[in-house]
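Open your viewer and bring up a plain cartoon view. We will go through a few selections together, starting with the whole chain and ending on a single side chain.

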Amino acid sequence: MSDVAFLCATASAVGVVHTLAGPDHYLPFAVLARARGWSAARAAWVTVLCGLGHVGSSVGLGLLGLWAGIGLERLAGGESVRGRVASWGLLIFGLVYGLWGLKHTLRGRRHEHAHSHGSGLHSHLHNHAGDHAHPHDAAEGFRAAPWLLFILFVFGPCEPLIPLVMATWASAGARATAAVSAVFCLATVAAMLGAVFLTLRGFSLLPLPLLQRFAHALAGGAIAACGAGMVWLGL
């Protein structure tokens, strides 16, 4: 096996392991797709877009470091700052989305009112979301959710990628660096897609109709938990 082939194989393995080891790489997409009723195509393109932003920003930073002669230690410091921003951003996004979902759920709760009319009483059920509300109306709100997730993933660093890019550049040159970066990107995005759809498949086996009413609140909680885990681990 040539040196470049070995580096590409290493990049592919690192990309897959790095992705699957971090639930933040796939759980936010799966819970949003489930809560918002996304089609498989929409879930896929949101995942791919965020994955490309996630990997592309680190590739760009690594190439900028090589061009400007910035050492790995300084780049690692910049990645650490980006990681903290992304972690806290994911936590805050999850909390805000969860609170929005909870508010929507409580507004849509049906309850009974009794009215007196002369000699009799009658009651009826209604909710504060409006008499003509539809089940899909919740997904119409918070339309910025996929784009906020994209911004957070652009800020989120690919920790193993920059050392890999810089080592490949030093040992094998520009073409090998481009090949390694492309393989890492493809492996990462493919692993994200696979994990998202496996998670969605797992959701389909659970008694989710019982939880569907709280789908947005639960999705926000899951995303916040990912962010909290990243903050706790110092990522």
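Start with the cartoon of this predicted model: the protein chain has 9 helices and 2 strands. Follow the chain from the N terminus and you will pass the elements in the order α-α-α-α-β-β-α-α-α-α-α. If you colour by burial next, 39% of the 235 residues come out as buried. A contact map is worth a look too: among contacts with a separation of 6 or more, 79% join residues 24 or more positions apart.

**A helix pair**

Now select residues 27–36, helix H2, together with residues 215–233, helix H9. How do these two helices pack? Their axes lie 9 Å apart, at an angle of about 175 degrees. Angles over 145 degrees count as roughly antiparallel, and H2 and H9 are therefore roughly antiparallel to each other.

Show side chains at this contact. From H2, pick Leu 27, Pro 28, Val 31, Leu 32, Ala 35 and Arg 36; facing them from H9 are Ala 215, His 216, Ala 219, Ala 222, Ile 223 and Cys 226. Sorted by class, this contact between H2 and H9 has 10 nonpolar residues, 1 polar and 1 charged.

**The nonpolar cores**

Keep Leu 32 selected and add Phe 29, Leu 90, Phe 93 and Leu 149: these five have the most contacts inside the largest nonpolar core, which has 29 residues. The elements giving two or more residues to this core are H2, H3 (40–68), H4 (72–107), H6 (145–155), H8 (174–204) and H9.

Centre on Phe 29 next. Which residues does Phe 29 touch, not counting those up to four places away in sequence? You should find Trp 38, Val 46, Thr 47, Cys 50, Leu 149, Phe 153, Met 192 and Val 196 around Phe 29.

Apart from this core lies another, of 13 residues; to locate it, select Cys 8, Val 55, Val 59 and Phe 184, which are among its members.

**Last stop: Thr 177**

Finally, move to Thr 177 in helix H8. Is Thr 177 buried or exposed? Its relative accessible area is 2%, and buried means under 20%, so Thr 177 is buried.

Draw a distance from the side chain of Thr 177 to the backbone nitrogen of Trp 169, and you should read 3.2 Å. Trp 169 also appears in the contact list of Thr 177, along with Leu 63, Val 165 and Thr 168, once neighbours within four places in sequence are left aside.

Conventions
Residues numbered from 1 in each chain as written. Predicted model: local features only at pLDDT ≥ 70, side-chain atom pairs only at ≥ 80, totals over all residues. Heavy atoms only, no water. Axes fitted to C-alpha atoms, helices over the stretch in contact; angles between N-to-C directions. Helix = DSSP H or I, 4+ residues; strand = E, 2+ residues; numbered from the N terminus. Parallel < 35°, antiparallel > 145°, perpendicular 65-115°, else oblique. Contact = heavy atoms within 4.5 Å. Nonpolar A, V, L, I, M, F, W, Y, C, P; charged D, E, K, R; others polar. Core = buried A, V, L, I, M, F, W, Y, C linked by side-chain atoms within 4.5 Å. Buried < 20%, exposed > 50% of the residue type's maximum accessible area, 1.4 Å probe, protein only. Polar contact = N/O pair within 3.5 Å; in protein donor to acceptor, adjacent residues only side chain to side chain.
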